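User: Hi! I'm new to reading structures. Could you walk me through this one?

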Amino acid sequence: MSTQPAIRLTGLTKTFGHVNAVNGVNLDIAPGEFFSMLGPSGSGKTTVLRMIAGFETPTSGTVELFGNDVTTVAPFDRDVNTVFQDYALFPHMSVLDNVAYGLRVRGVKTDARLAAAREALALVRLEGYGDRKPTQLSGGQRQRVALARALVVEPKVLLLDEPLGALDLKLREQMQVELKEIQRRLGITFIFVTHDQEEALTLSDRIAVFNEGQIVQLGTAEDVYRRPASSFVANFVGTSAVFSAEEAKKILGHSGACSIRPEHMDIVSGKTPAGTIALTGTVAETIFLGASTRIIVDLAAGKRIAVLEQNDLNRKHTALGSSVTVAVHPQFLTPLS
Amino acid sequence: MTTVSSSAPDRVGGSPVGDSLARRGSSYLYRHAKVRLALLLSAPLFWLGLVYIAALVALLITAFWTVDSFTGEILIEWNIDNVTKVLGDALYHAVTLRTLGAAILVTIIDVAIALPIAFVMAKIASRGVQRALVIAILMPLWASYLVKAYAWRSILAQDGILDWLLGPIGGSSPGYGFEGSVMTLAYLWLPFVILPIFTALERVPDTLLDASSDLGARTSSTFRFIVLPLIVPGIIAGSIFSFSLTLGDYIAVKIVGGATQMLGTLVYSNVGVANNLPLAAAISLIPLTIIFIYLAAVRRTGALDNL
């Protein structure tokens, strides 16, 4: 990319006592990108976010914002804003005053800032809610207020710390669509922290997968899903059957550790399609998922794998304990480092 | 599998415990909620009614009696001489203003000292330091009031600690008097002001401070717009302590106040030396009225709504 990165992290490290929360993270995030930091809790993704926002000072390494080193700049002097996990709305202020707060402390005149706050509330479809107190709103509405409050000061980068974590599934899906729309409309960089792999895959232009304070894989949603770089990623982002080097050699006749997605294997009756690897086993469990069924198969070679079968017209009946043949399409075997 | 199991044994029929008097009494109380409530509350209500309300009413009534100037006995002759004396006499005006001034000064000093200490305790200190600070603040409360007042007497004394500390920079102890009283009272009531402010600050989530700073507010703006409005109830709770305790105090003033007269010392000398209980009662109505006015003013601001 020829333009300057919106965020550049260089050798970013944060130690709390003896714990290395973040361990040497290098990362460039492009302007206008919807970027996700995905990882289990304690993987360091939130600490990275807090260092970008300025709430934590790195133990070593630098944070650059559009080419300016802001490593030691206070949060109130950074052009980044945060949507907090618990929303952090000011309970003693009305919704409108909450949204206008960033402009108020910047010295914007009352009329101008209230007009801007109303506009921001309209952006998140909360017109007419300005006079309420935060406690009078539902979780989803508070979420939108937090978003409007961060957007009203026109940050160059918006940080979102698991913003949808407290919402129920339907609302979460709806908010995902809205977030994506707003991001596209405003064209600002979104950095989204989540432990929900599906959310990260749905929303992001690129994903950084975190584990133990480090980025273990960086790429587009498709990259990360289709070509997981390690067994950790293979199992954290979606599920995979992971074969160690010996297992791969013994079971698949494939050299080197590899993984495969459940949907890239088939239960076949009779002859296996040409060019596939046939594995025999017995059905240990079937889990009905609606559009598909997850079938757990104990392979004769001594490994348990999951196969995803679409519940379409060709659905095969796989009774518990019956012997089946699993066809593995070798082109989908992903080598692991 | 889906049957609802009744875990409690059925005692309606033949109770294994028998039908003792205690058991019948218990079941009677169980069925009669009002009797239960009456038994529960009668003792505390009796205490409250007799000791608090009755004593206050007696005080109010006594103010409208008089004393036989010759025998010193209280005469039940209804009059308003004591009240008009207290309201009209310049001496009482001066003492009232002085006491009110002391109460306001003590409150301002205490809040000013308590805010930063409480902030450090609630938001900056680690768990261990926080616990140590809470104990350090509570510790003086375990010591006798008199001991502390006399300690201040020696601090304020000529060639005392304060003189010794301030001497090198050209200062000196204010000695025994109004200033000494204010300093001593501010010290005595400080824990009562720190603790409610500390509790209020602890209830302010850290993310609110982060959010404010994130939105561009400098520390001073965060304090003014976010922290202060949220801890006003705590500050007011603390100020009620320092304000009302100062209004009524007489011992500390006696010990470190020198010749300073406060409402408390006037009440004390009228009860004791002058043996004029009705006048003492009339004087003690002044701080009572001031506190009622203060509480009413606080209520009007709405600061008590969130307590």
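Here is a chat about the two chains, how they touch, and some of the pieces inside them.

Analyst: Happy to! One thing to keep in mind is that this is a predicted model.

User: Good to know. What ipTM and pTM does the predictor give the complex?

Analyst: The complex gets an ipTM of 0.83 and a pTM of 0.78.

User: And what does the pLDDT of chain B average?

Analyst: Chain B averages a pLDDT of 86, with 92% of the residues scoring at least 70. Over residues 1-8 of chain B, though, the pLDDT is below 50. That stretch has 0 contacts in the model beyond near neighbours in sequence.

User: Okay, so how many residues of each chain are in contact with the other chain?

Analyst: On the chain A side there are 17 residues, and they are in contact with 15 residues of chain B. Strand 6 (80-83) and helix 2 (95-104) of chain A each supply at least two residues of the side that touches chain B. Sorted by class, that side of chain A has 10 nonpolar, 4 polar and 3 charged residues.

User: Let's stay with chain A. How many helices and strands does it have?

Analyst: Chain A has 9 helices and 18 strands. Its C-alpha trace spans about 75 × 45 × 40 Å along the principal axes. Of its 337 residues, 39% count as buried. Taking the contacts in chain A with a separation of 6 or more, 62% come from residues 24 or more positions apart.

User: In what order do the strands sit in the sheet of 6 strands?

Analyst: The order is 6-7-8-3-9-10 in chain A, and this is an open sheet with mixed pairing. Its edge strands are strand 6 and strand 10 (214-219) of chain A, each pairing on one side only. From one strand to the next, the twist averages 20°.

User: What packs on that sheet?

Analyst: Helix 4 (residues 139-151) of chain A does, touching strand 6 and strand 7 (157-161) of chain A. The direction of helix 4 makes about 175° with that of strand 6 of chain A.

User: Strand 3 and strand 8 of chain A: parallel or antiparallel?

Analyst: Parallel! Strand 3 (residues 34-38) and strand 8 (residues 189-194) of chain A are joined by 5 bridges. For example, Phe34(A) has Phe190(A) in strand 8 of chain A as its bridge partner.

User: What holds strands together in general?

Analyst: Strands of a sheet pair through backbone hydrogen bonds, and they can be parallel or antiparallel.

User: Got it. How is the sheet of 3 strands arranged?

Analyst: That open sheet has the order 11-12-18 in chain A, and its pairing is antiparallel. Strand 11 (241-243) and strand 18 (334-335) of chain A are the edge strands. Between strand 11 and strand 12 (residues 258-260) of chain A there are 3 bridges, and Ala241(A) has Ile260(A) as its bridge partner in strand 12 of chain A.

User: What about strand 4 of chain A? How many bridges join it to strand 1?

Analyst: There are 5 bridges between strand 1 (residues 7-16) and strand 4 (residues 60-65) of chain A, which run antiparallel. Arg8(A) is the bridge partner of Glu64(A) there. Strand 4 is also joined to strand 5 (residues 68-69) of chain A by 2 bridges, again antiparallel, with Leu65(A) partnered to Asn68(A). In the hairpin of strand 4 and strand 5 of chain A, 2 residues lie between the strands, and Phe66(A) takes a positive phi near 50°.

User: Switching to chain B: what domains does the assignment give?

Analyst: The domain assignment gives domain 1 (17-64) and domain 2 (81-306) of chain B. Their C-alpha centres lie 36 Å apart.

User: Which residues of helix 12 of chain B are buried?

Analyst: In helix 12 (residues 263-271) of chain B, the buried ones are Leu263(B), Gly264(B), Thr265(B), Leu266(B), Val267(B) and Asn270(B). These residues pack against helix 4 (90-124), helix 10 (219-248), helix 11 (251-256) and helix 13 (277-301) of chain B.

User: Last one! Why does Gly171(B) count as exposed?

Analyst: Gly171(B) is exposed because 11 other C-beta atoms lie within 10 Å, and the cut-off for exposed is 12 or fewer. Gly171(B) is found in the loop between helix 7 (161-166) and helix 8 (178-202) of chain B. The C-alpha atoms of Gly171(B) and Asn82(B) are separated by 44 Å.

Notes. Residues are numbered from 1 along each chain as its sequence is written. Chains are lettered from A and ligands numbered from 1 in the order in which they are written. This is a predicted model: local features need pLDDT of at least 70, side-chain atom pairs count only at pLDDT 80 or more; totals for chains, interfaces and linings use all residues. Two residues are in contact if their C-beta atoms, placed from the backbone, lie within 7 Å. Helices (H or I, at least four residues) and strands (E, at least two) are DSSP runs, numbered from the N terminus. Ala, Val, Leu, Ile, Met, Phe, Trp, Tyr, Cys and Pro count as nonpolar, Asp, Glu, Lys and Arg as charged, and the others, Gly among them, as polar. pLDDT is the predictor's confidence in each residue, from 0 to 100. Two strands pair if DSSP finds at least two bridges between them. Axes are lines fitted to C-alpha atoms, for helices over the stretch in contact, and angles run from 0 to 180 degrees between N-to-C directions. A residue is buried if 20 or more other C-beta atoms lie within 10 Å of its own, exposed if 12 or fewer, and partly exposed in between; C-beta atoms are placed from the backbone. Domain bounds come from an automatic or database domain assignment.
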